[in-house]
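Work through the following exercises with the sequence and the model side by side. Try each task before you read its solution.

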Amino acid sequence: MAYNELRMDNHWLPFTPNRTFGEDPRVFVAADGMHFTTHDGRQVIDGISSLWCVGAGHNRKPINEAIKKQLDTLDYGTAFNVSNDKAFRAAELIAALCPGDLNKVLFCNSGSEAADTSMKVALAYHRARGEGHRNVFIGRERGYHGVGFGGMSVGGIPANRKVFGTALLPRVDHLRFIHDPVNHAYIHHQEPVWGEDILTELEQRILPLHDPSNVAAVIVEPVAGSAGWYIPPQGYLKRLREICDKHGILLIFDEVITGFGRLGTPFAADYYGVVPDMLNFAKCVTNGVIPMGGVVCRQHIYDAMMGAHGSAPQHAIEFFHGYTYSGHPVACAAAIATIELYQQENLFERAGAMGQVLGDAMHSLCKGLPNVVSIRTLGLAGAVELAPIAGMPGKRAFDVFMDCYHHGVLVRAAGDNLVFCPPYIVERAHIETMVGVLADAIRRHA
Ligand SMILES: Cc1ncc(COP(=O)(O)O)c(C=O)c1O
């Protein structure tokens, strides 16, 4: 029996309008494959992989069994000064999936922790090489790197920053956003070709302002996810890599959303053919069932951090950072089973193939509907952007989200975007239902 005492007395919901939630609660009590069961016994399609996490679909037995087995074997063991066998194996599998010499995995528990971890590695790395003055970070407008103070500072979604003013890190700048709503409103699995090089600003304004020798790292999402699936201009990430290399600046890809198959490749780094110095991951690594995040570093970062302590006594810790639950054995068991499942079922390739189907459906069913101003699809994800209601940004999309929910489809409202990013097991019929329901809801809220 579902617990139906859904009062708001004790539960404060994250990133959710709490004052109205109780009037129309949206509560899941079970999930299987592509569907949730709600507290009132309805079926809802998970059109967003439960916020980009559940690549293999819900209730996957190999993952569940691995977790149960791990609980009966080694439930937990501290991560400091000792470790566990599953953490070694999970690190090995993750490193093997990464391009280039991204091969040292620092585990944490979320994307936010991954952002802050990568920023701390950047500072420690430069200091280890005698360049401790490199402490400027560059993010991007409308970027999202979680809710810690580091990630929030380099993030660029205004609402997430607005009330935290003075607590944001001081030496941070932002690249301009990567969307051209006039020339590239509709993107279907293409790389938009811009008439200008939008990274000229980095070279000619931002870096000279801070002096490149003071810049520790640039951090970007390869595809801007949380803002609403915005796709970088052709050649953008390669050019960013070149600029960073030229000035000794580390490049961090936040692949929390794009990692583990969303674009049909293991990482966006593979899709775009660009190897960053650090790669942050979280969602999809355990299929969402147990929290886990991490930062994969290139060999030269690890070497610098170890080499700097060459004269230190052998018992000295090289990097004063880590979390109580870093490399938790149950999370690592889930990650191992998840990665094996992705590989056994060729789910990354499937994500790439079904992405075309999703993109076709979104463009053919939603283009031309009232208030639709942009549709962008790439990999197994796509966004339909609506014109905002004057003075009420986000309201139209939120209303459409609610409407879809009541018609059995979970879509993500991000600002005035409605985003789909279903599990990789999605079938054509699910896509037709999801996008059909979205199109009807958009019409109803015209
Ligand atoms: C790119 C990116 N980085 C970081 C995060 C934060 O992850 P978490 O919510 O696990 O802290 C997210 C979450 O959506 C994300 O999309």
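Two strands pair if DSSP finds at least two bridges between them, and the helices (H or I, at least four residues) and strands (E, at least two) named here are DSSP runs, numbered from the N terminus. This is a predicted model, in which local features need pLDDT of at least 70 and side-chain atom pairs count only at pLDDT 80 or more, while totals for chains, interfaces and linings use all residues. Residues are numbered from 1 along each chain as its sequence is written.

**Exercise 1. Find the order of the strands in the sheet of 7 strands, and name its edge strands.**

Step one is to follow the pairing, which gives an open, mixed sheet in the order S4-S11-S10-S9-S8-S5-S6. Step two is to look for strands that pair on one side only, and these are S4 (102-108) and S6 (172-175). Step three takes the twist, which averages 20° from one strand to the next; here axes are lines fitted to C-alpha atoms, for helices over the stretch in contact, and angles run from 0 to 180 degrees between N-to-C directions. As a detail at one edge, S5 (residues 136-140) runs parallel to S6 and is joined to it by 4 bridges, with Arg 140 having Leu 175 as its bridge partner in S6.

**Exercise 2. Determine which strands of this sheet helix H5 and helix H8 touch.**

Two residues are in contact if their C-beta atoms, placed from the backbone, lie within 7 Å. With that rule, H5 packs on the sheet and touches S4, S5, S8, S9, S10 and S11, its direction making about 30° with that of S11. Helix H8 (residues 200-210), in turn, touches S5, S6 and S8, and its direction makes about 175° with that of S6.

**Exercise 3. Describe the residues that surround the ligand.**

A residue is near a molecule if its C-beta atom, placed from the backbone, lies within 6 Å of it. The count is 14 residues, the closest being Ser 110, Gly 111, Ser 112, Gly 146 and Val 256. Among the elements, H5 (residues 111-128) gives the most to this shell, with 3 residues. To sort the shell by class, count Ala, Val, Leu, Ile, Met, Phe, Trp, Tyr, Cys and Pro as nonpolar, Asp, Glu, Lys and Arg as charged, and the others, Gly among them, as polar; the result is 5 nonpolar, 7 polar and 2 charged.

**Exercise 4. Work out how domain 1 meets domain 2, and which helix gives the largest share of the touching side of domain 1.**

Begin with the bounds, which come from an automatic or database domain assignment: domain 1 covers 18-56 + 346-444 and domain 2 covers 64-344. Their centres, taken over C-alpha atoms, are separated by 26 Å. Next, 34 residues of domain 1 are in contact with 29 residues of domain 2. On the domain 1 side, H13 supplies the largest share, 9 residues, and by class this side has 17 nonpolar, 13 polar and 4 charged residues.

**Exercise 5. Locate H13 against the sheet of 5 strands.**

The open sheet has the order S7-S12-S13-S16-S15, with mixed pairing. S7 (186-188) and S15 (412-414) are at its edges with a single partner strand each, so one side of each is left without a neighbour in the sheet. S15 runs antiparallel to S16, joined by 3 bridges, and Arg 412 stands opposite Val 419 in S16. Finally, H13 lies across S7, S12, S13 and S16, running at about 170° to S12, and just after H13, Gly 368 takes a positive phi of about 90°.
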